[in-house]
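Biologist: I am new to this one, and I would love a guided tour. Could you put the structure up so that we can look at it together?

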Amino acid sequence: MAALQHLNLGTVVEWNLERSPGIAVCAFKPAIDGIVHCRPVISINGTHVYEKYDIKLLIIVVVDANRSIFPLAFGIFANESQETWTLFLNHLKQHVVRQHSGICLIFYRHGDILSSIQNLRTWQDPYAYHRYCVRHLKTNFQRAYPNKDLHDLMWMDATDHQECKFRRRMDLIREEDQGAYTWLMRHELDKWTLHADGGRRWGILTTNVSESFNGY
């Protein structure tokens, strides 16, 4: 890693060997420079690394001007927890995002991510905005209410730009199942609907970009 930093001046590698096992956070210099040419929407996710190493790889990905996947930063941890996400997001703000404000975070409503973001002032409005991965939200909705008609209405509500159409569909959902209506309305509308989003998502609904990178 020292050679990597020497040959790529400005690359950030943070080690913490006092923890057991040790942790590392890495952001390459071209990624740090390139964030200004990307949409201000960050997809965050974690994946388990199998085979030789039993670790968690936390990944931050954005989309560049060519609509291509642009990885920003990586974190290597023993597990995925509120503490590790807090450390990772702090490093991301300090070394990569820096002075940029108005960043939108899209994530999959993982409890540890939610808790860490809520406790970090630098990732709060107006410095940053939080949005849910609509696909993950829909999966949870399907699990709670296994009804295809409700699923289709929910997805159309999430992706429609017109509030009047959203309201009409929500009325249909309420007529079909009051519990399903209550479940959806329990989530803040700006977190999962485009019509209330304020343009923060830039049309990005899911964490697919980070999951695609996870698969790679």
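Biologist: Let us begin with two helices: at roughly what angle do the axes of α3 and α4 cross?

Modeller: Happy to help, and please keep in mind that this is a predicted model. The axes of α3 and α4 come within 8 Å of each other. Their angle does not exceed the 145 degrees needed for roughly antiparallel, nor is it under the 35 degrees needed for roughly parallel, and the two helices are therefore oblique to each other. The crossing angle is roughly 50°.

Biologist: Which residues of α4 meet α3?

Modeller: On the α3 side, the contact is made by Gln 82, Trp 85, Thr 86 and Leu 89. By class, the contact of α3 with α4 has four nonpolar, four polar and one charged residue. The partners in α4 are Asp 112, Ile 113, Ser 115, Ser 116 and Ile 117.

Biologist: Which residues of α3 are buried?

Modeller: Here the cut-off is a relative accessible area under 20%. Helix α3 spans residues 82-97, and Arg 98, with a positive phi near 55°, follows it. The buried residues of α3 are Thr 84, Trp 85, Phe 88, Leu 89, His 91, Leu 92, Lys 93, His 95, Val 96 and Val 97.

Biologist: Which residues touch the most other members of the largest nonpolar core?

Modeller: That core has 32 residues. Its largest share, six residues, comes from helix α3. The members with the most contacts to other members are Ile 42, Ile 44, Leu 92 and Trp 123.

Biologist: Which residues does Trp 123 touch, not counting residues up to four places away in sequence?

Modeller: Trp 123 is one of the core members that touch the most others. Leaving out residues up to four places away in sequence, its contacts include Lys 93 and His 130. The full list is Ile 42, Leu 89, Leu 92, Lys 93, Val 97, Ile 103, Leu 105, Ile 117, Ala 128 and His 130.

Biologist: How many residues does the second, separate core have?

Modeller: This core is separate from the one just described. Among its members are Val 134, Ala 180, Tyr 181 and Trp 192. The second core has 19 residues.

Biologist: How are α5 and α6 oriented, roughly parallel or roughly antiparallel?

Modeller: The axes of α5 (residues 134-144) and α6 (residues 148-159) come within 10 Å and cross at roughly 155°. An angle over 145 degrees counts as roughly antiparallel. That is why α5 and α6 are roughly antiparallel.

Biologist: Which residues of α6 meet α5?

Modeller: From α5, the residues taking part are Val 134, Arg 135, Leu 137, Lys 138, Phe 141 and Gln 142. Sorted by class, the contact of α5 with α6 has seven nonpolar, two polar and two charged residues. On the α6 side they are Leu 150, His 151, Met 154, Trp 155 and Ala 158.

Biologist: Which residues of α8 meet α5?

Modeller: The axes of α5 and α8 (residues 178-185) come within 11 Å and cross at roughly 155°, and the two helices are therefore roughly antiparallel to each other. Leu 137, Asn 140, Phe 141 and Ala 144 form the α5 side of the contact. Their partners in α8 are Ala 180, Trp 183 and Leu 184.

Biologist: Is Lys 191 buried or exposed?

Modeller: Lys 191 sits in helix α9, residues 189-192. Its contacts, not counting residues up to four places away in sequence, are His 130, Arg 131, Tyr 132 and Arg 201. Because its relative accessibility is 14%, Lys 191 counts as buried.

Biologist: And Arg 67, is that buried or exposed?

Modeller: Arg 67 lies in the loop between β4 (55-63) and β5 (69-77). Its phi is positive, near 60°, in a residue other than glycine. With a relative accessible area of 68%, Arg 67 is exposed.

Biologist: One last stop: which residues does a cis peptide bond join?

Modeller: Look at the loop between α4 (111-118) and β7 (128-132), where Pro 126 is found. The omega of this cis bond is about 10°. The bond joins Asp 125 and Pro 126.

Key. Residues numbered from 1 in each chain as written. Predicted model: local features only at pLDDT ≥ 70, side-chain atom pairs only at ≥ 80, totals over all residues. Heavy atoms only, no water. Axes fitted to C-alpha atoms, helices over the stretch in contact; angles between N-to-C directions. Helix = DSSP H or I, 4+ residues; strand = E, 2+ residues; numbered from the N terminus. Parallel < 35°, antiparallel > 145°, perpendicular 65-115°, else oblique. Contact = heavy atoms within 4.5 Å. Nonpolar A, V, L, I, M, F, W, Y, C, P; charged D, E, K, R; others polar. Core = buried A, V, L, I, M, F, W, Y, C linked by side-chain atoms within 4.5 Å. Buried < 20%, exposed > 50% of the residue type's maximum accessible area, 1.4 Å probe, protein only.
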